[in-house]
Amino acid sequence: LSSVVVEPDEEAAEAQKDEVDALNAIFPDEFTLVAKASGSDEDPIYTHPISYNIALLQQDEDDETAWWPPHPIKLQFTYPPTYPTEALPEIRLIHDNNMMEFSSGQMQALQEKMREVAEAELGMPSVLSCVYAAREFFESGDAGKIAPDFQTA
């Protein structure tokens, strides 16, 4: 099966490119492009759909209220053709934590928090706000308050 790639219109493509460039500048160590790009580093041309990972890094190791899983988590964002004007970014969690370390309930709560932020900003780029919402989810300790998927007797 060959998949047909729908290109975004010029306005959406420009908004997507601008957001990717800004995120790469804001998160130089955390940002990894998944989709291919051509052109120069100063003016890259991205292959659609644009997809990239942003690693969530613990900001303050001494913060006692924070709860972070033991293994790193990356957020993978992929842009639908009508993002940001009509569609939300697709968000996947990439990690090597097992269910005891990061439960499906915690994953669902994190996904929901990011979806709420993206929905509130529909029509404008929202990935930066999603990343900050994900960080807040862990730094506030909210993630650690979610019950595990199963209880041990």
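Me: Where is Met124 placed in this chain?

Reply: Met124 sits in the loop that joins α2 (104–120) to α3 (127–139). Keep in mind that this is a predicted model.

Me: Is Met124 buried, exposed or something in between?

Reply: Relative accessible area decides this, with buried under 20% and exposed over 50%. Met124 has a relative accessible area of 44%, so Met124 is partly exposed.

Me: Which residues does Met124 contact, apart from its neighbours within four places in sequence?

Reply: Leaving those neighbours out shows what the fold brings together. Here, Met124 is in contact with Tyr83 and Pro84. A related reading is the C-alpha to C-alpha distance: Met124 and Leu88 are 36 residues apart in sequence and 9.5 Å apart in space.

Me: How do I read a charged residue such as Arg135, and is Arg135 buried or exposed?

Reply: Start with the element, then the accessibility, then the contacts. Arg135 belongs to helix α3. Its relative accessibility is 12%, and therefore Arg135 counts as buried.

Me: What does Arg135 touch, not counting residues up to four places away in sequence?

Reply: Arg135 touches Phe27, Glu30, Leu56, Leu57, Gln59 and Trp68.

Me: Is Glu11 buried or exposed, and why?

Reply: Glu11 is part of helix α1, residues 10–26. Its relative accessibility is 58%, which is why Glu11 counts as exposed.

Me: Which residues form the negative surface patch?

Reply: A patch is read as a group of residues, not one at a time. This one is formed by Asp9, Glu10, Glu11, Glu14, Asp18 and Glu86.

Me: How many positive and negative side chains does the chain have?

Reply: Count each sign, then ask where the two sets are centred. The chain has 30 negative side chains and 8 positive ones, and the centres of these sets lie 5 Å apart.

Me: How many helices and strands are there, and in what order do the elements run?

Reply: The chain contains three helices and six strands. Read from the N terminus, the elements run α-β-β-β-β-β-β-α-α.

Me: Which numbers describe the chain as a whole?

Reply: Take extent, burial, contacts and surface in turn. The C-alpha trace spans about 55 × 35 × 30 Å along its principal axes. Of the 153 residues in the chain, 38% are buried. Among contacts with a separation of 6 or more, 62% are between residues 24 or more positions apart. The chain exposes about 9000 Å², and carbon and sulfur atoms supply 50% of that area.

Key. Residues are numbered from 1 along each chain as its sequence is written. This is a predicted model: local features need pLDDT of at least 70, side-chain atom pairs count only at pLDDT 80 or more; totals for chains, interfaces and linings use all residues. Side-chain values use heavy atoms; hydrogens and water are left out. Patches are made of residues with over 30% relative accessible area and no salt bridge: like charges are joined within 9 Å, nonpolar side chains (Val, Leu, Ile, Met, Phe, Trp, Tyr) within 5 Å. Accessible areas come from the Shrake-Rupley method with a 1.4 Å probe; for residues, only the protein chains shown count as cover. A salt bridge is a side-chain nitrogen of Lys or Arg within 4 Å of a carboxyl oxygen of Asp or Glu. Lys and Arg count as positive and Asp and Glu as negative; His and the chain ends are not counted. The place of a charge is taken as NZ of Lys, CZ of Arg, CG of Asp or CD of Glu. Helices (H or I, at least four residues) and strands (E, at least two) are DSSP runs, numbered from the N terminus. Buried means under 20% relative accessible area, exposed over 50%, partly exposed in between (1.4 Å probe, protein chains only). Contact means heavy atoms within 4.5 Å.
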